[in-house]
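Please walk through this structure one feature at a time, beginning inside the fold and moving on to its sheet, its charged pairs and its backbone.

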Amino acid sequence: MQTMVASESNVQELELGKKKKSQEEADRISCLHDAIIYHIFSFVSTIDVVQTSILARRWRHLWTSVPTLDFDDDEFSIANGEDEFVHFVNKVQSCYKAQQIQRYHLSIKQARNSNFLETWVRFAVEHNVQELYLDLPHGRPFEVSFCQSVRVLKLHGDLKLPASGCFSSLEHLSLLGVQLTNDNGILDVTSEHYPLLRSCSLKSCMGLNCLNINCSLLEHLDVENCFDLDQLHVSAGKLRFLSVQSSFTYGIDTGWVEIAAPSLQTFEWLDYITDNFSIGNFTCLKSAHTSLVFHYHPEKKESYMKNARKFLHHLACAETLHVEMPCLWGLHSNKELLEGLSTKLFNLKHLTLLVSLDDHVLRGVSCLIRSCSNLEILHIHTIDEHIQEELNNSFPDLSHFDQRESWSYQRRPLDHLSEAKIYGFRGKEHEIEFMQFLLEHAITLKRMIILFSGQVFVDQVMKTQMAEKLMKFTKASPDAVVSCP
């Protein structure tokens, strides 16, 4: 009997001990400094932060001073109508006590919830918001007013941005799906209005015809899918990264590009090239990626060649270069162009090409790599056949070209090439000749890796025959190893 009583007493003491330990752990969390709790709150939405007020007396009013506010109407049932979301946002902002908002994020998917949009954004501005994120629905454009305190501004949706704004503290600007209010489609991003701007990203901006960038501290510029763009002017002494993709209207003769960026290190141009294209010397350039698209007509062949040579000339300092096919097509058919390229890409060490493995293009490739006197790594990727057919209809007819004359340019050894990797090898005669050319001229080649196309890869007999043929070629480098995995 005494044993049973003692046992029950031990169980009760154990349960009390667990309860006391749990309370101590709860107290330990509640005793955290406000800054730590606010940091935890920054990872959850405001609706969850407000619900913490029921946890303990310590937490009852803590949410009213949280420095991050995150409102998303997706967290409210549509069946409840707009009143629930609107009431929640208004209630939180009416109870808010902090004088400064670190981050204000407003995401609205339902257009009916945007009736109070101006009031909510004004609230953030009046509380000296540092980071402002607006994700708004289509069909109700909202004009962003000036804000002196914001450092990070990210806008998404049917928004309207003034042609020129005054954001004296802004360091990072990101616009997605933004529409300009002015009729002429000019956006000026200058040091006068954005004196501290360091990065700028413009994607899918509507009505943007002319973009003027003149910021002394700008380091990163990204322009993508701004399909109405006709003129681009960039002057940024500290710009390190520049990317322009799918923004210029193909074939528009009024297009104009001016780029002055002496500190540029990474350059991506995957867009149409106008005749009026002026860029300064990129003496600090490390990496470049280009897929040049020219407005080609047979009567403009000389202009096409001139633009290609001019553009590649400005990439001379790059150590890594990724070139897609359109800017290679036809290079080998113009002696003057080849001579102009012969010593231009003097710093290039790593060259990646996206091309078709047909006879004309491979001869153009061979001419291009001859201009890379310090090339160490060459990677060649093939394009899909349906893309090849489209390009055949857009670029010069080279059927008249004398193939023997093309290979006559390949007399000097590839002194530094140590690795060549070819993807999608089909085993055509001109492909084999190209591999033979590399093996016979690359005096420091260590490995050549050939990855067969799907059709050849499944035919083991054909694959073996091709591999044996490649193995028999004379190698300028005694250390060269040919691999056909």
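Ile259 is a useful place to begin: leaving aside residues up to four places away in sequence, Ile259 touches Val234, Leu242, Phe267, Trp269, Ser278, Ile279, Gly280 and Phe282, where contact means heavy atoms within 4.5 Å. This is a predicted model, in which local features need pLDDT of at least 70 and side-chain atom pairs count only at pLDDT 80 or more, while totals for chains, interfaces and linings use all residues. Residues are numbered from 1 along each chain as its sequence is written, and side-chain values use heavy atoms, with hydrogens and water left out.

Ile259 also belongs to the largest nonpolar core, which has 122 residues, and together with Tyr104, Phe267, Trp269, Leu351 and Leu438 it is among those that touch the most other members. A nonpolar core is here a set of buried Ala, Val, Leu, Ile, Met, Phe, Trp, Tyr and Cys residues joined through side-chain atoms within 4.5 Å, and buried means under 20% relative accessible area, exposed over 50%, and partly exposed in between, using a 1.4 Å probe and protein chains only. The largest share of this core, 6 residues, comes from helix H11, residues 429–441; helices (H or I, at least four residues) and strands (E, at least two) are DSSP runs numbered from the N terminus. In soluble globular proteins, nonpolar side chains tend to be buried together.

Thr290, in strand E17, gives a second view of the interior. With a relative accessible area of 1%, Thr290 is buried, and, again not counting residues up to four places away in sequence, Thr290 touches Trp269, Leu270, Phe311, Leu315, Leu321, His322, Val323 and Glu324.

Two cysteines can be looked at in the same way: Cys210 is buried at a relative accessible area of 11%, and Cys372 is buried at 4%. A search of the whole structure nevertheless finds 0 disulfides, a disulfide being a pair of cysteine sulfur atoms within 2.5 Å.

How are the strands of the open sheet ordered? The sheet has 5 strands in the order E7-E9-E11-E13-E16, and the pairing is parallel; two strands pair if DSSP finds at least two bridges between them. Because E7 and E16 each have a single partner strand, they stand at the edges, and one side of each is left without a neighbour in the sheet. Neighbouring strands of this sheet are turned by 5° against each other on average, direction ignored, the axes being lines fitted to C-alpha atoms (for helices over the stretch in contact) and angles running from 0 to 180 degrees between N-to-C directions. Within the sheet, 5 bridges join E9 to strand E11, residues 231–235, and these two strands run parallel; the bridge partner of Asn212 in E11 is His233.

Turning to charged side chains, the count comes to 10 salt bridges, where a salt bridge is a side-chain nitrogen of Lys or Arg within 4 Å of a carboxyl oxygen of Asp or Glu. One of them joins Arg198 and Glu219 at 3.7 Å, N to O. This pair links distant parts of the chain, 21 residues apart, with Arg198 in the loop between strands E7 (186–190) and E8 (199–203) and Glu219 in the loop between strands E9 (210–214) and E10 (220–224). Arg198 is partly exposed at 35% relative accessibility, and Glu219 is partly exposed at 30%.

Another salt bridge joins Glu224 and Lys203 at 3.9 Å, N to O, and this pair also links distant parts of the chain, with Glu224 in strand E10 and Lys203 in strand E8, 21 residues apart. Glu224 is partly exposed, with a relative accessible area of 22%, as is Lys203, with 30%.

A further salt bridge is formed by Lys286 with Glu319, whose closest N and O atoms are 3.7 Å apart. Lys286 lies in the loop between strands E16 (276–279) and E17 (287–290), and Glu319 in the loop between helix H6 (301–313) and strand E19 (320–324), so the pair ties together parts that are 33 residues apart in sequence. Salt bridges that share partners also join Asp72, Asp74 and Lys109 into one network.

The backbone offers a last feature. Most residues other than glycine have a negative phi, and most peptide bonds are trans. Asn128, although not a glycine, has a positive phi of about 50°, and Asn128 lies in the loop between helix H5 (117–126) and strand E3 (131–135). Ser204, also not a glycine, has a positive phi of about 55° and is found in the loop between E8 and E9.
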